[in-house]
Number of protein chains: 2
Amino acid sequence: MAKAAGVSVTTVSHALNDATSSRVKAETQQHVRDVARNLGYAPNRLASGLRNQRSQILGLVSDEITTTPFAGAMIRGAQDAAYERGYVVMVVNSGLDSELEHREITMLQQHQVDGVVYARLYHQGVELPPALSGIPTVLLDAVTGDPSVSSIVPDEVNAAETAVEALIRAGHTRIGMINNVDDIPATHGRLEGFHNALRRHGIEHDPRHLVIAEPETSGGREAALALLSQQDSPTALFCFSDRVAMGAYQAATALGLTIPDDVSIVGIDNLELIADSLWPGLTTVALPHYDMGRWAVNRVLDDIDNPDTPPEQVRLACPLIERGSVGPPRT
Amino acid sequence: MAKAAGVSVTTVSHALNDATSSRVKAETQQHVRDVARNLGYAPNRLASGLRNQRSQILGLVSDEITTTPFAGAMIRGAQDAAYERGYVVMVVNSGLDSELEHREITMLQQHQVDGVVYARLYHQGVELPPALSGIPTVLLDAVTGDPSVSSIVPDEVNAAETAVEALIRAGHTRIGMINNVDDIPATHGRLEGFHNALRRHGIEHDPRHLVIAEPETSGGREAALALLSQQDSPTALFCFSDRVAMGAYQAATALGLTIPDDVSIVGIDNLELIADSLWPGLTTVALPHYDMGRWAVNRVLDDIDNPDTPPEQVRLACPLIERGSVGPPRT
């Protein structure tokens, strides 16, 4: 490079120092920097990142951000936390195509990301792609069987307990549940939470009051029609999700029932686009996507700063968001 | 650097060539590369990006991605297009805080982004931040008065015409519109499209059939209650958005009207979480967020490849998505 710039090696060294050097004329310094840039020797943030082995970039690898309304909050949480610590987040989505995911991770490595948040858009078990070995990685809304990998997911059992407790507090004892037909952690955790809450209050569970459905509005509608048409029908419905709860609203309307006077309804998600738009507003339990995004980034940055930080698998508690869909049972 | 590595400048040059050099022993080459890396001379993608003045990174600067459900599709479109051309997208959000936006743009510059997509999450006029001058920039869902800046927005007039034509085709002539109270391009464009479609078919507009409302479900509900309670009430409602249309559904239910037998309803957005979840499904006009994201990235990459490409301001047509909320008027 000294040769290319036509100056001594010492001059190059002084010229490329970030601070203005008193030993090199400004003009010479600019010349050396121009030559250096052409050669790929860049005295900028990226190159200084390389010097101290830090690019200040994190990768966020997710399966899909288009079709779920939760992605925004997760990504925003991740970006806010990264920004506060001087990092930026490069977001890539594989759409669950493992070959595409591999190419994306390779691209992140070429950009020398310091760490990766590996995200799923609903709580599920995953296997970490081998390409991530050697890069500090934290799981977001996902878990592996590997205890050395830090992860954060919503506490599904707690979320369901919180929802059902709200119905019990209002005076309900005939409580129906519309669960998800899919074999995912949320299905099992929320069913466990439903039973826990009933048991804690000495309420006997009527097996006819548990129905499983596709986790869509139409599934919730059909399940709620079945539950609310029974003899001794439930006075309150705990729905797997806000979309399922929207279906339960439609069923109540079709049966001429008023919410919450004739039937109380709670969901899980706090998907504001639905929960706020329903009439009356839906009382639901919030899944803490923003907070999980923040946590995952802070955790991976802690791992980068101190690789000996013990790993942890966190289940985050979920708060009740009260709107207008829960009232006392009709006597 | 040659001094630091203890070899000749020529050897450094050969050693740092990406291809394995036959003129330098592998061991020496590795040594030189190690020294180079410590000095910040990195023979990797970033550094080679710097050499040819390309980082292969684009910045996507948006106001907010948390609260709007459209962001995912826009970002996905941008990322897909970038990926196809060997780029990655670094997404940052300012939440409309101009100081934060300035710091984020500075950070993108430090990462030497080759270009920027400057996005808003609904169609609006903006001023480009001065920090972006000198960086190829394309506007996404936003426009400026500057004809030298390329931009893409939905064709609001066309979107409304498409929605109203669907009602006219089904036989409606008494068509109400629930417009937005906000002074934004969509409000004016959609009103113009509404009048255009009526005029084209020789339908006289009854001014009582135009109501403005907050663009929320509650606003739509109240406006629709007012419209549908009139004498000679409209047989069909064109709603500013899918959320407003959801409110119109609630009003119809409250008045004991069946959709589409008693009243037909169309929206704009194709917000699937709502349009698919309503019962019956909502016929609506899709805002092409994914396609706009793709276009913006391709356009900025074209500008990078060929800075002389003439700028263009595009209004993208919006397709009708038919579900179940439009039928013939009750006779």
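**The α9/α10 crossing in chain A**

Select helices α9 and α10 of chain A in this predicted model: α9(A) passes α10(A) in a right-handed crossing. The contact draws on A:Thr217, A:Gly220, A:Arg221, A:Ala224, A:Leu225 and A:Leu228 from α9(A). From α10(A), the participants are A:Arg243, A:Val244, A:Met246, A:Gly247, A:Ala248, A:Gln250, A:Ala251, A:Ala252 and A:Ala254. Sorted by class, this contact of α9(A) with α10(A) comprises nine nonpolar, four polar and two charged residues.

Two packed helices are described by the angle between their axes and the distance between the axes. For α9(A), residues 217-228, and α10(A), the angle is about 45 degrees and the axes are 6 Å apart. The angle therefore makes α9(A) oblique to α10(A).

**From A:Ser241 to A:Asp269**

Next, select A:Ser241, in the loop between β8 (236-239) and α10 (242-254) of chain A. Is A:Ser241 buried or exposed? Its relative accessible area is 5%, so A:Ser241 is buried. Beyond residues up to four places away in sequence, A:Ser241 touches A:Gly267, A:Ile268 and A:Asp269.

Follow that contact to A:Asp269, which belongs to strand β9 of chain A. The backbone deserves a check here: A:Asp269 is not a glycine, yet its phi is positive, about 145 degrees. A:Asp269 has 9% relative accessibility and therefore counts as buried.

For another positive phi, go to B:Asn270, in the loop between β9 (264-269) and α11 (272-275) of chain B. B:Asn270 is not a glycine either, and its phi is about 55 degrees. With a relative accessibility of 16%, B:Asn270 is counted as buried.

**Two cis peptide bonds in chain A**

Return to chain A and display the bond between A:Ile259 and A:Pro260, which is a cis peptide bond with omega about 0 degrees. A:Pro260 sits in the loop between α10 and β9 of chain A.

Then move to A:Trp279 and A:Pro280, where the peptide bond is also cis and omega is near 0 degrees. A:Pro280 lies in the loop between α11 (272-275) and β10 (283-286) of chain A.

**Helix α8 of chain A**

Select residues 185-200 of chain A, which form helix α8. At 1.5 Å a residue, its 16 residues should span 22 Å, and the end C-alpha atoms are 22 Å apart, in agreement.

Which residues of α8(A) are buried? They are A:Ala186, A:Thr187, A:Gly189, A:Arg190, A:Gly193, A:Phe194, A:Asn196, A:Ala197 and A:Leu198. Show the surrounding elements as well: these buried residues pack against α7 (156-169), β6 (175-180), β8 and β9 (264-269) of chain A. Following α8(A) is A:Gly202, with a positive phi near 65 degrees.

**Helix α12 in both chains**

In chain A, select A:Arg299, located in helix α12 (residues 289-305). A:Arg299 counts as buried because its relative accessibility is 4%. Leaving aside residues up to four places away in sequence, A:Arg299 touches A:Val138, A:Ser150, A:Thr309, A:Pro310, A:Pro311 and A:Glu312.

Now switch to chain B and select residues 289-305, helix α12. Its 17 residues should span 24 Å at 1.5 Å a residue; the end C-alpha atoms are 25 Å apart, which agrees. The buried residues of α12(B) include B:His289, B:Met292, B:Gly293, B:Arg294, B:Ala296 and B:Val297. Also buried are B:Arg299, B:Val300, B:Leu301, B:Asp303 and B:Ile304. To see what covers the buried residues of α12(B), display elements of chain B including β1 (57-62), α5 (71-84), β3 (115-125), β4 (137-143), β5 (151-154) and β11 (313-316).

**B:Glu64 and its contacts**

Select B:Glu64, in the loop between β1 and α5 of chain B. What does B:Glu64 touch, not counting residues up to four places away in sequence? Its contacts are A:Arg76, B:Asn93, B:Gly95 and B:Leu121. Of B:Glu64 and B:Gly95, the C-alpha atoms are 4.8 Å apart in space, although the residues are 31 residues apart in sequence.

**Chain A as a whole**

Finally, display the whole of chain A, which has twelve helices and twelve strands. Of its 331 residues, 57% count as buried. Among contacts in chain A between residues at least 6 apart in sequence, 70% join residues at least 24 apart.

Key: Residues are numbered from 1 along each chain as its sequence is written. Chains are lettered from A and ligands numbered from 1 in the order in which they are written. This is a predicted model: local features need pLDDT of at least 70, side-chain atom pairs count only at pLDDT 80 or more; totals for chains, interfaces and linings use all residues. Side-chain values use heavy atoms; hydrogens and water are left out. Helices (H or I, at least four residues) and strands (E, at least two) are DSSP runs, numbered from the N terminus. The expected span of a helix is 1.5 Å times one less than its number of residues. Buried means under 20% relative accessible area, exposed over 50%, partly exposed in between (1.4 Å probe, protein chains only). Contact means heavy atoms within 4.5 Å. Axes are lines fitted to C-alpha atoms, for helices over the stretch in contact, and angles run from 0 to 180 degrees between N-to-C directions. Angles under 35 degrees count as roughly parallel, over 145 as roughly antiparallel, 65 to 115 as roughly perpendicular and the rest as oblique. A crossing is left-handed if the near helix is turned anticlockwise from the far one by less than a right angle, and right-handed if clockwise. Ala, Val, Leu, Ile, Met, Phe, Trp, Tyr, Cys and Pro count as nonpolar, Asp, Glu, Lys and Arg as charged, and the others, Gly among them, as polar.
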